[in-house]
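The following questions and answers go through one structure step by step. Please look at the sequence and the model first.

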There are 2 protein chains.
Amino acid sequence: MPGPGRPRGFDRDRALTAAMRLFWERGYEGAAISELTAAMGIGTRSLYTAFGSKEQLFREAVALYESSGDGTEFYELPTGRASVERMLRSRAATYADPNTPAGCMVVLAATNVSADNERVRAMLRAIRVQDRHALITRLERARTDGEIAADPVPVADFFLSVLYGMSVLARDGASVADLTRVVDTAMTSWDPLTRR
Amino acid sequence: MPGPGRPRGFDRDRALTAAMRLFWERGYEGAAISELTAAMGIGTRSLYTAFGSKEQLFREAVALYESSGDGTEFYELPTGRASVERMLRSRAATYADPNTPAGCMVVLAATNVSADNERVRAMLRAIRVQDRHALITRLERARTDGEIAADPVPVADFFLSVLYGMSVLARDGASVADLTRVVDTAMTSWDPLTRR
DNA sequence: AAGATTGTGCATCGAACGTTGCATAATTAA
DNA sequence: TTAATTATGCAACGTTCGATGCACAATCTT
């Protein structure tokens with residue numbers, strides 16, 4: 001259903017994917033419009049007609065990033081331990097995947113930003129906070145199930161810390177095998193959590 | 001020993017400290033020269049006369065940052081466990097100190113940069129790699145001492161991951177108490193490392 | 001065929017970026 | 001006192017940033 005008007009001369013989804021990759025690699029401010037248009041294979045005017053502004057393009061890119069990766073389906077696994085472990089291993093594999101930029105876009109793309117773009121930074125933080133609460137919720141269930149005895153909040157923060165740190169390690173060149181071993185070590189912390 | 005010429009009209013160390021704080025908070029590219037001069041209380045020309053360029057100012061700021069925090073003296077503690085634990089607790093306290101910007105400058109100030117400033121990013125990564133090898137060296141000693149049985153490299157990467165992740169948690173608002181609990185949990189991974 | 005609507009290329013906008021030239025001020029050395 | 005040397009304020013540099021005005025192209029609707 002094209003509607004009236006001249007049809008778009010490029011594939012919007014492919015262009016958005018290219019923008020996502022560049023934002024992922026360079027961060028919000030590190031990716032210039034001129035670089036984005038080059039990567040997307042379109043002109044400046046087409047970018048603004050199709051996406052509105054750099055910030056709106058970034059928001060769409062983040063939404064695509066989130067919908068591309070595995071969501072929160074690991075949290076439906078029967079045990080808290082399996083949920084956390086699956087989450088960490090899945091992320092480790094994508095963070096160090098040589099076919100995509102290293103690390104997590106939500107963690108890295110706006111860690112430090114100029115005063116003008118604080119909104120962008122706050123947006124990514126909101127996603128992290130939301131993900132944190134999803135993890136806390138899963139760990140609370142693990143406690144009511146009698147699987148762990150510890151307070152879920154610090155446990156969640158511990159595994160989040162490992163998760164976030166893996167993004168930096170990946171940026172510094174860590175392989176999937178390297179990150180997998182990090183997860184192995186992190187999971188040895190699980191058993192002590194079962195005891196009060 | 002002033003030497004010839006008009007004397008500098010400001011305290012160079014205090015100005016550098018102010019620059020360090022702004023770089024720490026906003027990152028290399030996020031801190032504009034105009035903001036730096038405002039924070040340092042000097043004019044543009046004085047900044048360039050005294051420090052040469054933005055990149056040189058940043059390098060001095062990083063050097064100051066490194067010399068300000070505690071160095072690697074925890075690695076001289078008798079056990080590997082005490083070394084690692086002291087390092088993590090010390091960093092946790094500074095990362096969430098309300099009197100300074102949250103997190104670690106070396107981790108956060110150049111995680112994503114534009115193509116022009118890749119050198120700055122590489123410089124901070126070099127520091128991280130160097131710190132990583134200091135930790136690996138300490139853990140190798142722990143193994144030869146018979147304190148741990150595991151391979152030191154993945155163990156180092158695990159604790160580094162926790163460390164790096166704490167910077168992100170601190171940026172998202174974690175308190176010293178929060179990070180301390182993260183360290184508590186991380187240290188429960190130590191005992192399993194002693195067994196093969 | 002005519003009108004309405006939307007996309008694209010070109011040129012360019014104002015603002016901010018990091019940086020510098022120049023005249024002048026303030027000091028030491030001769 | 002004079003010369004040499006360094007610091008500062010002012011104004012501006014060239015470049016890049018994100019964003020836009022406008023003419024024209026290409027489609028749907030009537």
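Q: How do the residues of the surface near DNA strand D divide into nonpolar, polar and charged?
A: In this predicted model, a residue is near a strand if one of its heavy atoms lies within 4 Å of it. Ala, Val, Leu, Ile, Met, Phe, Trp, Tyr, Cys and Pro count as nonpolar, Asp, Glu, Lys and Arg as charged, and the others, Gly among them, as polar. By these classes the surface near DNA strand D divides into nine nonpolar, nine polar and six charged residues.

Q: What do the numbers, letters and limits in this model refer to?
A: Residues are numbered from 1 along each chain as its sequence is written, chains are lettered from A and ligands numbered from 1 in the order in which they are written, and side-chain values use heavy atoms, with hydrogens and water left out. Since the model is predicted, local features need pLDDT of at least 70 and side-chain atom pairs count only at pLDDT 80 or more, while totals for chains, interfaces and linings use all residues.

Q: Which residues are the closest to DNA strand D?
A: DNA strand D is surrounded by 24 residues. Of its atoms within 4 Å of the protein, 65% belong to sugar or phosphate and the rest to bases. The closest residues are A:Ile33, A:Arg45, A:Lys54, B:Arg6 and B:Gly9.

Q: Which part of DNA strand D lies 2.7 Å from the side chain of A:Arg45?
A: A polar contact is a pair of N or O atoms within 3.5 Å; within protein, one must be able to donate a hydrogen and the other to accept it, and residues adjacent in sequence count only if both atoms are side-chain atoms. For A:Tyr48, a polar side-chain atom lies 2.7 Å from a phosphate oxygen of DNA strand D. For A:Arg45, the partner of the side-chain N or O atom is a base oxygen.

Q: How far is the polar side-chain atom of B:Arg45 from a base oxygen of DNA strand C?
A: DNA strand C is surrounded by 24 residues, and B:Arg45 is among the closest. A phosphate oxygen of this strand is 2.7 Å from a polar backbone atom of B:Ile33, and a base nitrogen is 3.3 Å from a polar side-chain atom of B:Arg6. For B:Arg45 and the base oxygen, the distance is 2.7 Å.

Q: How much area do chain A and chain B bury between them?
A: Contact means heavy atoms within 4.5 Å, and the contact takes 37 residues from chain A and 37 residues from chain B. Buried area is the accessible area (1.4 Å probe) that two parts lose on being put together, summed over both. Carbon and sulfur atoms carry 59% of it, and the total is about 3,200 Å².

Q: Which element gives the most to the side of chain A that touches chain B?
A: Helices (H or I, at least four residues) and strands (E, at least two) are DSSP runs, numbered from the N terminus. Across the interface, eleven residue pairs are in polar contact, both at pLDDT 80 or more. Helices H6, H7, H8, H9 and H10 of chain A give two or more residues each to this side. With twelve residues, the one that gives the most is H8(A).

Q: Why does the salt bridge of B:Asp172 and A:Arg128 join two chains, and how many salt bridges are there over all chains?
A: A salt bridge is a side-chain nitrogen of Lys or Arg within 4 Å of a carboxyl oxygen of Asp or Glu, and the side chains of B:Asp172 and A:Arg128 meet in one at 2.8 Å, N to O. The count over all chains is 24 salt bridges. B:Asp172 lies in the loop between helix H8 and helix H9 of chain B and A:Arg128 in helix H7 of chain A, so the pair joins two chains, and the whole structure has 24 salt bridges.

Q: Is A:Asp157 buried or exposed?
A: Buried means under 20% relative accessible area, exposed over 50%, partly exposed in between (1.4 Å probe, protein chains only). A:Asp157 meets A:Arg132 in a salt bridge of 2.7 Å, N to O. The two sit 25 residues apart, A:Arg132 in helix H7 and A:Asp157 in helix H8 of chain A. With 5% relative accessibility, A:Asp157 is buried.
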